[in-house]
Structures are given as structure tokens and as C-alpha cells.
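Please look through the structure shown here with its charged side chains in mind. The paragraphs that follow take a few pairs in turn.

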Amino acid sequence: MSRHRLLRRLATASRLRRGAGSILAVLLVPTLLVSTGTRWLSANDERELFADDFSRFPPGWLSSPVGTLNMAIQEYHYLPHRGVPTAPWEQVICHLDAWIAGDEEGTPYVEQHTTHPMPELYMPMFVTGDPEWQDYRVEVKLKPLSTSERVGLVFRYRTNRHYYMLELNGGKTARLVVRLPLEQQYRRAEFHELARVPFAYDTTRYYTLSVANDGPRIRAFIDGTPVMEARDDELLKGKAGLAANVPARFQQFRVTAGAAAIDGVRQRIAAREAELTRLRADNPRPKVWKRFSVKGFGAGRNLRLGDLDGDGQLDLLIAQNIPRVRGDAFDHISALTAITFDGKVLWQQGRPDPRNGLLTNDTPFQINDIDGDGKTEVVLVRDFQLQILDGRTGQRKAAVVMPPASTDRKERPYDLNSGDSLAFINVSGGPVRGDIVIKNRYDAFWVYNNKLQLLFEGRGQTGHFPYPYDADGDGREELYIGYAKWTPDGTQVWSQDTVLKDHADGVMVGNLSGDPKGPLRAYYSGSDEGFVIIDDATGAILKHVRIGHSQAPTVGRFRPDLPGLQYMTINFWKNPGIITLFDHDGNMLAQEEPIHTGTALQPVNWRGDGQEFAMLSGNTREGGMIDGQLRRVVMFPEDGHPELAFMVADVTGDARDEIILWDLEQVWIYTQDRPFTGAKIYAPRRNAHHNESNYRTVVSTPGWADPKASRPERGQRGQRARR
């Protein structure tokens with residue numbers, strides 16, 4: 001799909017999403033979901049829980065390839081779908097365009113039509129149902145189109161890393177297996193085999209696979225004949241669906257259950273929804289504060305906050321970009337637009353074009369007062385130069401040519417480095433954070449002072465975005481980049497770059513224990529390495545939990561009932577949408593799959609009472625905010641708002657956060673629908689706006705304020721106690 005067509009599709013996504021069905025509604029209220037092919041439980045049918053003949057899907061791909069923008073667009077942008085609305089079915093591996101629909105001799109089917117390079121680690125799945133499904137029988141007709149890998153039926157599905165499967169494998173075997181959520185070895189899924197039988201099959205016909213669940217008892221059937229039985233209680237309930245690592249066709253999917261089991265499903269869903277209704281009623285609802293147009297110069301998640309015009313209020317700086325060479329390694333900033341929260345354009349550079357709005361990476365630009373004179377600058381890499389612009393006008397104040405690109409890189413289309421991301425640090429010991437870190441993708445970095453003089457440079461597994469932190473309290477910040485720590489003078493203190501095999505998607509450093517005398521640790525979301533804790537004093541790895549491709553970490557007070565702060569992260573590549581919450585010692589507190597895509601997961605001080613939530617997206621069905629039990633406790637209204645991207649910031653003056661939602665054409669800002677009434681208001685300290693990134697770890701540490709005190713200016717509030 002062309003980039004222009006994708007932009008048009010995103011512009012209409014909010015209308016398309018309203019066609020999605022509701023599993024809850026059809027389970028609690030007898031109804032026909034669609035007129036062709038999909039039937040749910042009715043009041044006079046005590047056996048059929050769900051059935052689909054797939055006839056409602058139009059022939060062709062059920063998703064559209066993104067083209068020059070790779071699948072990473074869904075890491076931190078929300079797309080309700082990229083093609084055909086599939087609800088109540090879910091394409092759980094969203095970065096694969098794996099599923100198509102068609103007809104064979106007049107009978108509809110869905111087909112998994114791809115192969116991928118890591119069949120031992122993940123597989124395309126098409127899943128439906130509810131987590132409360134239990135004691136059911138699931139059945140499908142399956143025609144393998146290749147015998148080289150696994151195909152089959154998924155049941156008791158909790159996440160795309162935690163489920164059961166009846167599979168055909170290698171043309172000669174049938175197995176019952178359960179996938180376990182944690183890996184013991186790098187990029188090697190953990191499967192526990194429950195049963196195996198010889199079963200010769202080929203690619204010329206359909207086989208009817210079915211599984212009956214009765215508590216821990218599992219019975220497997222092929223073509224109506226019982227072939228295996230096992231008992232296992234790893235999971236006793238969950239969704240059901242289709243899975244295949246090689247091309248395969250599926251027809252006539254059906255789920256049945258006894259009357260008592262169906263009543264149990266209804267009761268559990270009703271109890272869950274009643275609890276969610278109560279929790280949501282207890283929280284402020286989102287109310288529109290401001291909205292304005294950015295049509296023509298809007299962008300995806302490529303926005304910065306800062307006081308550009310010096311009036312004491314936050315402004316927005318939006319960058320458009322042109323991918324070069326390939327989709328996410330050598331982007332060029334093509335246009336900059338400075339705009340107030342009233343929608344007034346302050347200045348603009350370059351030639352805006354809607355085709356250049358989306359991106360799948362960071363771009364190197366930030367807003368900061370780098371010399372401490374009270375006036376902000378825009379610092380960016382553009383045209384192979386590190387540039388400083390006047391924040392009020394956008395006019396260039398200074399520039400220096402970027403360093404040469406590494407000669408030992410496999411991919412070196414340009415002689416000069418074009419920059420990947422940019423952050424500020426204080427290695428000089430001055431009163432402000434005015435030194436500049438620039439990194440490439442992913443093996444080198446450079447540190448400059450605010451006069452654009454190179455202070456030092458380094459090599460290593462840089463990851464996506466650095467984290468500055470004054471670890472020894474001397475007024476100068478250490479640099480944490482990749483899995484390494486560097487002194488303010490450019491000496492490497494420790495490194496695990498050669499031990500950990502995948503890059504650091506997010507890093508933060510701090511004492512999260514709640515005990516002021518607790519240890520200082522570095523916390524990582526390490527891509528396929530999962531979750532890692534490193535001792536800051538020694539560089540030793542203290543904890544390593546392989547939860548999948550971990551990214552977008554955020555730290556906050558998600559569980560006020562527990563000591564210290566909690567670390568939340570979401571998976572993307574190979575296993576998108578799985579959210580895991582850890583305590584400060586790396587113990588897993590919760591894990592669920594509330595969405596099937598990525599998110600720029602961020603903490604939200606929505607209530608002001610010390611309970612923080614985490615933001616998923618602005619979508620009215622799959623988005624909202626979740627609490628420390630990973631429940632959706634705040635939802636957004638159906639009012640036509642954009643949902644492509646979001647940012648959490650404190651902009652209205654009462655210490656609680658607002659939610660900025662935007663797409664390529666409009667920006668909406670939501671605040672609470674009610675005032676704060678407590679004796680003291682939670683006012684956490686957050687990362688500085690001048691170190692914004694699609695990959696930074698957003699850290700929210702405790703703080704309180706007097707709500708009766710004079711309200712600071714809107715732009716100043718966002719700067720308090722910034723790291």
C-alpha cells in the first residue's frame with residue numbers, strides 16, 4: 001500500500017473502528033453479530049458458543065502492507081486495523097500481514113499464507129473469544145499447504161506466548177503442547193509437550209481438528225476420532241483460534257459448551273464488566289480541553305513540547321521526515337512547524353507535505369534552553385549538520401558538520417553521520433543540562449557541549465535512546481547508553497554490551513525500592529533479551545527475565561499498596577501487546593495482553609491521589625488507561641477524536657496530567673471532567689520535555705503539592721523538578 005493511501009486510511013480510521021463487534025454484548029444479549037457466517041450463543045441454543053464460516057470476509061488480504069514504512073509503525077502508533085475490520089477475530093501478531101480470505105469450491109476459508117525466519121519463536125495466529133471461555137469444545141477444518149512446520153488449533157489462549165495448541169507437525173506427527181510465557185534461552189520458545197502420536201497427513205485435503213476441555217482434562221480428536229488425552233492445569237480457560245507457521249487454510253470454526261459452562265462464562269464476564277463499570281465511575285472521565293488543526297504539516301509520533309515563544313506556556317514543535325535508503329535508519333527532517341496550544345503557527349521551516357508525516361524511528365531534534373539565558377533553542381541534526389536554532393523564530397544560531405560515518409559499518413550510504421536520536425546531558429557541571437548526546441543506529445555516539453565542541457565519543461551497543469543520571473551526586477551526569485555506563489569524562493565504567501545479544505530498547509537508572517538507602521540499579525527493556533536489572537556499582541546482571549521483545553518501559557506508582565515504584569513494559573516484535581508489570585526487584589506482578597499492537601506506554605497522574613495509570617491509546621475500545629492490575633479503568637468517549645498517537649503531559653495547571661491525542665490532521669487535548677478535591681495532590685517528577693523520544697523510559701517519581709497554592713503557569717508546570 002502506498003504511503004499516501006495509508007495516510008488516507010488513518011484519517012478515516014475512527015469511522016472504521018465503529019464497525020467492530022463486542023464479544024461481551026453478544027454473550028450477554030442474544031444477537032446475530034453479522035448476517036453471513038458468524039453466529040453467537042442465542043437464548044434457545046444451549047450448545048453453540050461461537051461459530052464462523054468466514055464468509056463475511058472479502059476475498060484478499062485482511063491487512064495491507066505498509067510499504068516503505070515497516071511494521072514498526074505499530075510500535076507507538078495505534079491503527080485500528082490495516083485493511084479489513086476483523087472483529088471479533090484478532091490478528092495477534094500485528095506486524096505480519098499473514099491472513100487472507102478466499103473461497104475453495106464455493107466454501108469460504110481464511111488462509112495463513114506466509115513463512116517467517118523464526119518459526120521456533122513465534123507464529124501467526126487468528127484468535128477470537130473471551131478470556132473467560134472455559135470447559136468448551138473447539139473445532140475447525142484445516143488444510144495444510146505445507147508439511148514443513150506446525151499448523152493447528154489454539155485453545156486456552158491467554159497471550160501469544162501463553163496458550164495450548166493441537167498441532168500437526170512435519171507431515172507425520174500430531175501433538176498437544178502448552179507454550180510457557182518465559183524463555184530459558186535467548187530466542188527459544190518454551191513448549192511443554194503433553195502428548196504426541198504418529199499421524200501422517202498431506203496437503204491434498206482438509207482435516208477436522210477438535211479439542212474438548214473439561215477442567216484440566218484435554219481430549220484431542222482428528223476427523224472425529226480420539227487421538228490423544230492429557231491433563232494439565234497451566235491454564236484452564238482462555239480464547240481459541242487458528243495458528244500456522246506455514247501456509248494453511250481453515251474452514252468452519254466452531255466452539256460449543258454445555259449449559260452450565262455457558263452460564264459460568266456469562267457470570268464471569270458480567271462480574272468483570274460490573275467491576276470495570278465501578279472502577280471507571282470512580283475515576284474522572286476525559287473531557288476535551290482544546291483541539292486544533294495541523295492539516296498539511298501534521299506528523300505521527302514526532303512532536304516535542306517546550307516554551308518556544310517565551311510566554312511561559314508550552315508550545316508544540318512538529319517535525320515531518322523523509323525516509324532515505326531504507327525505512328528507519330537515515331531519516332531526514334524535511335519540515336518543522338512551531339505551534340501554540342491555541343493552534344497558532346509561530347514559525348515554519350521547510351516544505352510540509354502530508355506524505356512525510358509518519359515514521360518508524362526517532363528523529364534527532366529537541367527543545368531546550370541550553371545556555372541558561374531563559375530562552376529556548378531548538379537543537380537538531382539536519383543536512384549532516386548539528387544545528388542550533390532560535391526557539392522564537394527558527395533562525396539558525398550555530399552549526400557544525402557531523403562526524404564521519406563509521407568506516408566499518410556494513411551499511412554506509414553517506415560519508416557523514418546523519419544522526420538517529422538526540423538527548424541532553426550535563427557532563428560539564430554547569431547550571432543547566434546543556435551538553436548534547438547524538439547517537440547513530442546502533443553502534444556509536446558523540447557528546448558535544450553547548451558551543452558545539454566535541455567532548456568525547458564512544459562505541460558500543462547504543463540501543464535506541466540514552467539516559468543521563470547523576471549517580472554519584474557530584475553535579476555531573478553519567479551517561480547510560482546501551483548496556484553500558486560512561487563517566488562525564490568519557491570513560492566506560494562497565495558494559496554488558498557483548499553479553500546481551502539484542503539492543504536496549506529502553507533504559508533507566510534509579511532506586512525504585514522506596515527505601516532511601518536502597519541500591520541504585522539500571523533497568524532495561526532489552527528487546528528480545530527481555531527484562532534486565534544491572535547493579536550500578538559493579539555492572540553485574542542481577543535479574544534477567546526473558547518475557548519476549550520488551551520495549552516502551554515506564555516507571556510509576558501503579559500499585560500504591562506496594563513499596564517503591566513499579567516497572568511496566570510492553571512487547572512488540574514477535575509477540576506484540578503483552579504488558580508485564582514488575583516490582584523494583586524484578587518480580588513479576590502481572591502480565592496480560594490487553595491489545596495486539598505496541599504503544600508508547602506512559603504513566604498518567606489522572607486522579608491526583610497517588611495512584612498512577614498507564615496510557616495505552618486513544619482508541620475507544622482497545623485503548624484507554626490501565627491500572628496496576630492491568631484493568632482498563634479510564635476510557636475515551638466516542639467523539640471523533642484522533643487516536644494515531646498520544647503524549648502525557650501536565651498542561652492545564654492542577655498537577656494532574658492531560659492526554660494529547662493527534663494524527664496527521666488534528667490535535668485534541670483531554671483533561672479531567674471534575675476538579676480535584678483532596679487535601680494534597682500528587683505531583684510526580686517526570687523526565688524533562690527536552691529529552692523526548694519514541695524509546696525513552698518515562699520515569700515518574702513521587703511528589704506532592706498543596707492544591708490550594710497558586711496555580712503555576714501552564715508551560716511552567718511541565719518543567720518542575722525535571723530530570
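A residue counts as buried when its relative accessible area is under 20%, as exposed when that area is over 50%, and as partly exposed when it falls in between. The model is a predicted one, and these words will help in describing its charged pairs.

Side chains of opposite charge can pair when their charged atoms come close. In this structure there are 50 salt bridges, and one of them joins the side chains of aspartate 263 and arginine 266, with 3.8 Å from N to O. Both residues belong to helix 5, which covers residues 259–281, and because they are 3 residues apart there, about one helical turn separates them. Aspartate 263 has a relative accessible area of 35%, so it is partly exposed, and arginine 266, with 25%, is partly exposed as well.

A second pair is made by glutamate 612 and arginine 686, whose closest N and O atoms are 3.0 Å apart. Glutamate 612 sits in the loop between strand 43 and strand 44, whereas arginine 686 sits in the loop between strand 50 and strand 51, so this salt bridge ties together parts that are 74 residues apart in sequence. Glutamate 612 is buried, its relative accessible area being 0%, and arginine 686 also counts as buried, at 9%.

Aspartate 673 and arginine 674 form a further salt bridge, in which the closest N and O atoms are 3.0 Å apart. Here aspartate 673 is partly exposed at 32% relative accessibility, and arginine 674 is partly exposed at 28%.

Salt bridges can also be followed through a group of residues, for a network of them links Glu149, Arg150, Glu167, Arg175, Glu193 and Arg196.

Note on methods:
Residues are numbered from 1 along each chain as its sequence is written. This is a predicted model: local features need pLDDT of at least 70, side-chain atom pairs count only at pLDDT 80 or more; totals for chains, interfaces and linings use all residues. Side-chain values use heavy atoms; hydrogens and water are left out. A salt bridge is a side-chain nitrogen of Lys or Arg within 4 Å of a carboxyl oxygen of Asp or Glu. Helices (H or I, at least four residues) and strands (E, at least two) are DSSP runs, numbered from the N terminus. Buried means under 20% relative accessible area, exposed over 50%, partly exposed in between (1.4 Å probe, protein chains only).
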